[in-house]
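Trainee: Could you take me through one part of this model closely, namely the bonds between its cysteines? I would like a connected explanation that I can follow with the structure open.

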Amino acid sequence: MAYCRQEGKDRIIFVTKEDHETPSNAELVADDPNDPYEEHGLILPNGDINWNCPCLGGMASGPCGEQFKAAFSCFHYSTEDVKGSDCVDQFRAMQECMQKYPDLYPQEEEDRLEETAVSEAATTKEEV
């Protein structure tokens with residue numbers, strides 16, 4: 001007999017071997033059209049960062065998630081002439097954290113994040 005529990009917006013269903021012996025009759029529920037984080041990309045309509053965006057590749061969570069959020073927030077909200085030039089300490093802290101977990105954050109990942117930040121800055125400037 002299956003067991004189900006709700007955790008926040010997620011519904012977790014545990015099934016037994018017997019449950020798998022018959023075809024599933026589960027119904028998929030359509031996404032909530034009022035979900036403020038759905039289909040907005042990296043930047044929400046109000047200008048805030050969408051930390052749930054799949055484009056971040058899970059960087060906002062994990063062992064260096066807080067450092068990533070601090071660095072990316074600083075960059076996003078930076079008003080310096082050279083965008084993000086006031087965020088060196090936050091990016092350094094993020095990089096130092098990532099170096100402690102080379103299996104989770106290979107060097108190529110760090111390079112890709114820097115490229116993403118630069119392209120987002122260019123996109124943000126063009127939109128303004």
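**The cysteine pairs**

Mentor: When the bonded cysteines of the protein chain in this predicted model are numbered in sequence order, they pair 1-2, 3-6 and 4-5, and a search of the whole structure finds 3 disulfides. A disulfide is a covalent bond between the sulfur atoms of two cysteines.

Let us begin with Cys-53 and Cys-55, whose sulfur atoms lie 2.4 Å apart, and whose link is right-handed, with 130 degrees about the S-S bond. Cys-53 counts as buried because its relative accessible area of 8% falls under the 20% cut-off, whereas Cys-55, at 40%, is partly exposed.

The next pair is Cys-64 and Cys-97, with sulfur atoms 2.0 Å apart; the torsion about their S-S bond is about -90 degrees, so this disulfide is left-handed. The pair links distant parts of the chain, since Cys-64 sits in the loop between β2 (10-14) and α1 (65-77) while Cys-97 belongs to helix α2, 33 residues apart. Cys-64 is buried at 1% relative accessible area, and Cys-97 is buried at 7%.

Helix α2 deserves a pause here, as its buried residues are Met-94, Cys-97 and Met-98. They cover an arc of only 100 degrees around the axis, which puts them on the same side of α2.

Finally, Cys-74 and Cys-87 bring their sulfur atoms to 2.1 Å, and their torsion of about -90 degrees makes this disulfide left-handed. This pair, too, links distant parts of the chain, with Cys-74 in helix α1 and Cys-87 in the loop between α1 and α2, 13 residues apart. Both Cys-74 and Cys-87 are buried.

Methods: Residues numbered from 1 in each chain as written. Predicted model: local features only at pLDDT ≥ 70, side-chain atom pairs only at ≥ 80, totals over all residues. Heavy atoms only, no water. Buried < 20%, exposed > 50% of the residue type's maximum accessible area, 1.4 Å probe, protein only. Helix = DSSP H or I, 4+ residues; strand = E, 2+ residues; numbered from the N terminus. Arc of directions from axis to C-beta. Disulfide = S-S within 2.5 Å.
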